[in-house]
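The following exercises are to be worked through with the sequence and the model side by side. Please attempt each task before reading its solution.

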Amino acid sequence: MKALTIQQPWASAIIAGIKDIENRNWATYYTGPLAIHAGKAFFRNPIHENVMKILEKLGPLEELPRGVILGVVDFKGCFDHKRPFLATNPFAFGPVCWKLENPRALAEPIPYRGKQGLWTLPDEIMEGKL
């Protein structure tokens with residue numbers, strides 16, 4: 001299964017169904033199931049006040065798990081951030097927006113070391129977990 005490492009709080013927001021767009025500087029032709037890995041780093045840039053209110057649903061952000069596989073989403077493809085259907089999405093600022101749907105959290109996060117880019121998670125890691 002393909003996987004993507006994402007900083008917190010964004011990884012948890014994706015698996016919680018709060019965030020359905022992941023912003024990247026690059027695109028991929030891959031579509032299909034995508035494991036979401038919460039990286040060890042925490043997003044340190046300022047987060048807009050309106051987005052912070054949305055993220056409050058996750059609980060204390062500094063307590064979110066890191067260095068783990070959180071769950072799986074259906075990756076539907078990449079889109080330019082200027083597409084009209086992304087205009088009202090508070091998480092779509094691009095330049096490339098990855099559309100994510102149907103988040104499924106694991107009952108227990110799986111400790112795992114992440115990687116940069118789109119990477120392959122060994123099948124045995126996810127066997128019987130979803």
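The exercises proceed from the whole chain to its strands and then to single residues.

The structure is a predicted model, in which local features need pLDDT of at least 70, side-chain atom pairs count only at pLDDT 80 or more, and totals for chains, interfaces and linings use all residues. Residues are numbered from 1 along each chain as its sequence is written, and side-chain values use heavy atoms, with hydrogens and water left out.

**Exercise 1. The overall fold**

Determine how many helices and strands the protein chain has, and in which pattern they follow along the sequence.

Solution. Step one is to count the elements, where helices (H or I, at least four residues) and strands (E, at least two) are DSSP runs, numbered from the N terminus. The count gives three helices and six strands. Step two is to read them along the sequence, which yields the pattern β-α-β-β-α-β-β-β-α. Step three turns to compactness: the radius of gyration of the protein chain is 14 Å, close to the 14 Å of the globule rule for 130 residues, so the chain is as compact as a globular protein of that length. Here the radius is taken over C-alpha atoms, and the rule is 2.2 Å times the number of residues to the power 0.38. Along the principal axes, the C-alpha trace spans about 40 × 35 × 25 Å.

**Exercise 2. Burial and contacts in the chain**

State what percentage of the residues of the protein chain count as buried, and what share of the contacts with a separation of 6 or more joins residues 24 or more positions apart.

Solution. First, apply the burial classes: buried means under 20% relative accessible area, exposed over 50%, and partly exposed in between (1.4 Å probe, protein chains only). Of the 130 residues, 43% count as buried. Next, take contact as heavy atoms within 4.5 Å. Among contacts with a separation of 6 or more, 81% are between residues 24 or more positions apart.

**Exercise 3. Strand pairing**

Identify the sense in which strand 1 pairs with strand 3 and with strand 6, and then treat strand 4 likewise with strand 3 and strand 5.

Solution. Two strands pair if DSSP finds at least two bridges between them. Begin with strand 1 (2-8). Its pairing with strand 3 is parallel, over six bridges, and A3 has A35 in strand 3 as its bridge partner. With strand 6 (residues 118-120), strand 1 runs antiparallel and shares three bridges. Strand 1 is mostly covered, five of its seven residues being buried.

Continue with strand 4 (residues 68-80), which is antiparallel to strand 3 (residues 32-42) and joined to it by seven bridges. Here P33 stands opposite D74. Strand 4 also pairs with strand 5 (residues 96-111) in the antiparallel sense, over 10 bridges, and F75 has L100 as its bridge partner in strand 5.

**Exercise 4. Backbone geometry**

Find where the cis peptide bonds from Q8 to P9 and from G94 to P95 lie, and state what sign phi has at N102.

Solution. The bond from Q8 to P9 is cis with omega near 10°, and P9 lies in the loop between strand 1 and helix 1 (10-15). The bond from G94 to P95 is cis with omega near 15°; P95 belongs to the loop between strand 4 and strand 5. N102 has a positive phi of about 55° although it is not a glycine. This residue is in strand 5 and is partly exposed, with 43% relative accessibility.

**Exercise 5. Three residues in their surroundings**

Classify K2, G71 and K99 as buried, partly exposed or exposed, and describe what they touch.

Solution. Take K2 first: at 28% relative accessible area, K2 is partly exposed. K2 stands opposite T120 in strand 6. Not counting residues up to four places away in sequence, K2 touches Y30, P33, L34, A35, L118, W119 and T120.

G71, in strand 4, is buried at 0% relative accessibility. Its contacts beyond four places in sequence include I15, L34 and A105. The C-alpha atoms of G71 and P103 are 7.2 Å apart, although 32 residues separate them along the chain.

K99, in strand 5, is buried at 16% relative accessibility. Beyond its neighbours within four places in sequence, K99 contacts D20, I21, D74, F75, K76, G77 and F79.
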